[in-house]
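Subject: Structure for your review

Dear colleague,

Please find below the structure I am passing on to you. My notes on it follow directly after.

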Amino acid sequence: GWDNLAKEVEAISQRVVDQIGTRPVVVGMDPYQISSGLAFYRAKLHRGEGEKQQAAIDSTLGWHLFGWKGLMYEFWAKPEDYYGHAIIAIGSSKGRVEKPYFQKRFVQIHSIQSLDITKNGKFVNRYYYRLLRKYRQPRN
């Protein structure tokens, strides 16, 4: 269902662009799998589209932005480079996107939404996401 998840995330990302005028960063709320899967399949959606394909890769990051180990994402992107950005946090469980530390890191936090992902018309997984606006350095 990765292709379908990528399509849904791209649609959400486009709605955010339409609302606020800038492309949000997508953060997979696990050490590696969600971010890497989305980077690959979002880029696949835009194969042959150059800038859009690269933007899909560049705007998919790891949860290291929030202080956890993000494997190679820690070497590719510094959290402070994304202060001020809107972020779509996406996880395979609701608990991964309802973390209270978001309160210290964002000016505006939207409600949690769910995505039911299918493959060949059959349910394969449910993901949860929320839009987080104006990422900032955490307050103590």
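Within this model, which is a predicted one, Ala89 stands opposite Arg130 in strand S6. That position belongs to the pairing of strand S3, residues 87-91, with S6; the two are antiparallel and share 5 bridges.

Strand S6 has further partners. Strand S4, which covers residues 106-109, also pairs with S6 in the antiparallel sense, here over 3 bridges. On this side, Ile109 has Leu132 of S6 as its bridge partner. Strand S5 is likewise antiparallel to S6, and 7 bridges join the two. Asp116 is bridged to Arg126 in S6. As a general point for reading these strands, side chains in a regular strand alternate between the two faces of the sheet.

The connection from S5 to S6 deserves a separate paragraph. These two strands form a hairpin with 2 residues between them. Strand S5 spans residues 113-119 and strand S6 spans residues 122-135, with Asn120 in the loop between them. Which backbone angle should be noted at Asn120? Its phi is near 55°, a positive value in a residue other than glycine. As for the surroundings of the side chain, Asn120 has a relative accessible area of 72%, and it is therefore classed as exposed, the cut-off being over 50%.

A positive phi also occurs at Lys134, where the angle is about 60° although the residue is not a glycine. Lys134, however, is located in strand S6. Is Lys134 buried or partly exposed? With a relative accessible area of 48%, Lys134 is partly exposed, because this value falls between the 20% limit for buried residues and the 50% limit for exposed ones.

Turning to the helical part, I would draw your attention to Ser36, which lies in helix H2, residues 33-45. Why does Ser36 count as buried? Its relative accessibility is 16%, and buried means under 20%, so Ser36 meets the criterion. Leaving aside residues up to four places away in sequence, Ser36 touches Met72 and Tyr73.

Should you wish to inspect particular sites, the two residues with positive phi described above are Asn120, in the hairpin turn, and Lys134, within S6. For the strand pairings, the residue pairs named here include Ala89 with Arg130, Ile109 with Leu132 and Asp116 with Arg126.

With kind regards

Technical notes:
Residues numbered from 1 in each chain as written. Predicted model: local features only at pLDDT ≥ 70, side-chain atom pairs only at ≥ 80, totals over all residues. Heavy atoms only, no water. Helix = DSSP H or I, 4+ residues; strand = E, 2+ residues; numbered from the N terminus. Buried < 20%, exposed > 50% of the residue type's maximum accessible area, 1.4 Å probe, protein only. Contact = heavy atoms within 4.5 Å. Pairing = 2+ DSSP bridges.
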